[in-house]
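Here are some notes to read alongside the structure, set out as numbered points. Please keep the 3D view open and find each element as it is named.

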Amino acid sequence: MSRTTFFERNIRRTRNIRRITVEVLDGRTRQQLCFLDKVEPHVTIGDIKRLFHKSYQQLYPARQDLKLDPKGKSLKDDDVLQNLPVGTTTTMYFRDLGPQIGWTMVFLAEYIGPLFIYLLFYFRVPYIYSQQDAFTSSSNSVVTLACACHTCHYIKRLIETVFVHRFSHGTVPLRTTVRSCVYYWTFSAWLAFYINHPLYTPPSYGDMQVNYALAIFVLCEAGNFSIHVALNNLKSEGGPKCRKFPRPTKNPFTWLFFLVSCPNYTYEVGAWASFSVMTQCLPVALFTFFGLIQMTIWANGKHKAYTREFKDYPHLRMPIIPLLL
């Protein structure tokens, strides 16, 4: 008797679950694109995107941006419908983000280009310089050293992309990827043109300037790699939902975490600054300067996120440059 009552109660509760009607409108024209009736309240926005995708095959979930208000914030894929400020009927506004590319492919495209473009200038393939200089080599040892450093830098980045970095399932718009590739590839060609030019002159202070800069470059590259490994280990230990801020480990290169929130950017800037000194080349210095500006913006964003989320976050840490910035 009591068991029957228990099952009847569950059946009644199931029938009384509030289902939601979802209407999807175009964010610009307000035209109705999709109407979803009797949606379970526990579904996520990701589920809504997949249902929307069934009606529009070309608009896969990564291309979709859904909002409750046309000028509001974008909804996250893991947002649960019943936890949002919606009633039994809700309207969502859709925006097409355009063709998307996964993060791994984005980084591979950004880094493979500079790697091979630089080598074209180093080997002086025809039509870059004069015909008589085709496939000749420079007598300056710093030119060969610079090629080795540049090549190792981008090989390291490719190895990190494939084996070290842990990317979310997020994507990047194709137009953003093209813009990033143009930036990296163009700068690579510009600095390679001058460093490998037949009229290139070595640094003012000779071997001493080159050797000191080389030592700093190697240390910064090792430091950058160590930080990336440490960040990867942090994500592996805690899992995707475990929130921790990075701390120094037994590796001395990670001790920079005592002073900055993003030492990977600090080491990256240090590597390019030393490469600028090693080659004494203006395009390299400009690339370093623009890189510093962009990485400072990224570091400030991460630093603010850490300080907001963790009350025990070290106050001594700066975003990217110890005790300064």
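1. A good place to begin is one pair of facing residues: Val 24 stands opposite Cys 34, which belongs to strand β2. Please bear in mind throughout that this is a predicted model.

2. The strands around that pair are β1, made of residues 20–26, and β2, made of residues 32–39, and the two run antiparallel and are joined by five bridges. Between the strands of this hairpin there are five residues, and Arg 30 takes a positive phi near 65° in the hairpin.

3. What does β1 pair with besides β2? Strand β4, residues 89–96, pairs with β1 in the parallel sense, over six bridges. Within this pairing, Thr 21 stands opposite Thr 89 of β4. When you look along these strands, it may help to recall that in a regular strand the side chains alternate between the two faces of the sheet.

4. Taken together, the strands form an open sheet of four, in the order β2-β1-β4-β3, and the pairing is mixed. The edges are formed by β2 and by β3 (64–67), since each of these strands pairs on one side only. If direction is ignored, neighbouring strands of this sheet are turned by 25° against each other on average.

5. The UniProt record, an unreviewed entry, lists residues 21–96 as "domain: TECR-like N-terminal". In the model, this stretch is 14% helix and 34% strand, and its end C-alpha atoms are 22 Å apart.

6. The same kind of caution applies to the next annotation, where the unreviewed UniProt entry lists residues 101–123, 182–200, 212–231, 252–275 and 281–301 under "transmembrane region". Residues 101–123 are 87% helix and 9% strand in the model, with end C-alpha atoms that lie 32 Å apart. For residues 182–200, the corresponding values are 74% helix and 0% strand, with 25 Å between the end C-alpha atoms.

7. How do helices α7 and α8 lie against each other? Two packed helices are described by the angle between their axes and the distance between the axes. The axes of α7 (residues 263–279) and α8 (residues 282–309) come within 9 Å and cross at roughly 170°. Angles over 145 degrees count as roughly antiparallel, and therefore α7 is roughly antiparallel to α8. Among the residues that make the contact are Tyr 265, Trp 272 and Phe 275 of α7, together with Phe 287, Leu 292 and Trp 298 of α8. The residues of this contact divide into 12 nonpolar, three polar and two charged.

Note on methods: Residues are numbered from 1 along each chain as its sequence is written. This is a predicted model: local features need pLDDT of at least 70, side-chain atom pairs count only at pLDDT 80 or more; totals for chains, interfaces and linings use all residues. Side-chain values use heavy atoms; hydrogens and water are left out. UniProt positions are given in the numbering used here, feature names are shortened, and annotations may be inferred rather than shown by experiment. Two strands pair if DSSP finds at least two bridges between them. Axes are lines fitted to C-alpha atoms, for helices over the stretch in contact, and angles run from 0 to 180 degrees between N-to-C directions. Angles under 35 degrees count as roughly parallel, over 145 as roughly antiparallel, 65 to 115 as roughly perpendicular and the rest as oblique. Contact means heavy atoms within 4.5 Å. Ala, Val, Leu, Ile, Met, Phe, Trp, Tyr, Cys and Pro count as nonpolar, Asp, Glu, Lys and Arg as charged, and the others, Gly among them, as polar.
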